[in-house]
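Subject: Structure for you to look at, with notes

Dear colleague,

I am handing over the structure below, and I would be glad if you read my notes with the model open beside them. They begin with a helix pair and then move on to other features.

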Amino acid sequence: MLRSVAVTFFCAAFFVVFSQARTCDVCHLRNLITKDVASPEDWPEQAHCKQYQDASCCSVETAVLIGTDGYDSYYGEEYAWDKCGSLSPECEAWFIHESCFYECDVNAGKFRRDNNCSLEDDSNWKMEGMPMKASQCDSWWAACKNDAFCESSEKDIFGVCDTTSQCKPAKNIYDDAKEFCEVLWDGSFTYSTDEENAYSFWFPEGQRNPNDLIQPTLGFPSQCDSHDPDVTECASPFDLVLEAEIDDLQSLVNKGLGKDENCEICHAQYHHKDTATVTEFPNSTHACAAWSENSCCTVETAAIVHNDELYGEEYRWDRC
């Protein structure tokens, strides 16, 4: 039996929600401080990167060190953005955003430069060609173009440098935001004006990671031969991001309902009730509990929403 367009839309959206839930993604950018898997962390107050605390490839120790001399020591003494003196707070904030993104966001691993990698060289931690939002590159450039950096060689601020003679404003090193974003990090990122399909260096704490929804079918590279990840820290998707994702879907549904003067009527008719009414789900942590105050599904439907009893044995997202 063919379902209505509305039901098809809802189920497709529900499938996308579940397919995006982070269950146990391996962290594919490998260095001495990378965790094996993106798992939850309990961030202390002084740590940066709190927006990644639900699923992070960086440890608490790394997050605390970002933006300090201790973090510079991970990558050598030349890896410092403030060799010419302290940056403006607005500028330094963007360097911290990028550091958090690189160290903590599991999605960065999709753009590891080399498919085959080894801890013996730099093939395991270098990125290439990750499309980043042009608007964020523009904001970073606007914040930093007047700050001084030490240009050790052409457009390189992270090499051996004489701070007495080679410090100059970023605008005298890079031509514009595009070049700044792409060249500063040696091709790791591309400046993308197609922002619906571009990643974010930063998003507010407390919001879901928008990068989880970008290029969802793009796979991760092969694991490094030397990497045997410990998956014991893996958490259930319900423990990580499902609550936020359900909120997003609920918001989308509410916007659609808001355009309908008969918004209390359940227009999708398959296993649905006639009208959206209060439903007492078994417990507050149930996947459908977010709709308890205005639900088109019954308790009975909610109880079997995770298996194939509703739409047949072929309707499963976990067949593999």
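In this predicted model, helix α4 passes helix α5 in a left-handed crossing. The residues that make the contact are E90, C91, W94, F95 and E98 on the α4 side, and Q136, S139, W140, A143 and C144 on the α5 side. By character, the residues of this contact divide into six nonpolar, two polar and two charged. As for the geometry, α4 spans residues 89-104 and α5 spans residues 134-144, and the two pack at an angle of about 140° with their axes 7 Å apart. That angle makes α4 oblique to α5, since the roughly antiparallel class takes in angles over 145 degrees.

Helix α5 deserves a further look for its buried residues, which are A134, Q136, C137, W140, W141, A143 and C144. Of these, Q136, W140, A143 and C144 also belong to the contact with α4. The cover over the buried residues of α5 includes not just α4 but also β3, β4 (148-150), α6 (177-183) and β6.

Turning to the aromatic residues, the structure holds 16 aromatic pairs, and I describe two of them here. In one, the ring centres of F101 and F201 lie 5.8 Å apart and the ring planes meet at 80°, so the pair is edge-to-face. This pair links distant parts of the chain, with F101 in helix α4 and F201 in the loop between β6 (189-192) and α7 (237-240), 100 residues apart. F101 counts as buried because its relative accessibility is 0%, and F201, with a relative accessible area of 0%, is buried too.

The other pair is formed by F111 and Y199, whose ring centres are 5.7 Å apart and whose planes stand at 80°, so that this pair is likewise edge-to-face. Because F111 lies in the loop between α4 and β3 (130-133) while Y199 lies in the loop between β6 and α7, the pair ties together parts that are 88 residues apart in sequence. Both F111 and Y199 are buried.

Two backbone conformations may also be worth checking. C49, although not a glycine, has a positive phi of about 70°, and C49 sits in the loop between β1 (34-39) and β2 (56-58). With a relative accessible area of 4%, C49 is buried. K155 is another residue other than glycine with a positive phi, in this case near 60°, and K155 belongs to the loop between β4 and β5 (167-169). The relative accessible area of K155 is 18%, and K155 therefore counts as buried, the cut-off being under 20%.

For the chain as a whole, there are nine helices and six strands, and 45% of the 320 residues count as buried. Among contacts between residues at least 6 apart in sequence, 61% join residues at least 24 apart.

With best wishes

Conventions: Residues are numbered from 1 along each chain as its sequence is written. This is a predicted model: local features need pLDDT of at least 70, side-chain atom pairs count only at pLDDT 80 or more; totals for chains, interfaces and linings use all residues. Side-chain values use heavy atoms; hydrogens and water are left out. Axes are lines fitted to C-alpha atoms, for helices over the stretch in contact, and angles run from 0 to 180 degrees between N-to-C directions. Helices (H or I, at least four residues) and strands (E, at least two) are DSSP runs, numbered from the N terminus. Angles under 35 degrees count as roughly parallel, over 145 as roughly antiparallel, 65 to 115 as roughly perpendicular and the rest as oblique. A crossing is left-handed if the near helix is turned anticlockwise from the far one by less than a right angle, and right-handed if clockwise. Contact means heavy atoms within 4.5 Å. Ala, Val, Leu, Ile, Met, Phe, Trp, Tyr, Cys and Pro count as nonpolar, Asp, Glu, Lys and Arg as charged, and the others, Gly among them, as polar. Rings of Phe, Tyr and Trp (its six-membered ring) pair if their centres lie within 6.5 Å; planes under 30 degrees apart count as stacked, over 60 as edge-to-face and the rest as tilted. Buried means under 20% relative accessible area, exposed over 50%, partly exposed in between (1.4 Å probe, protein chains only).
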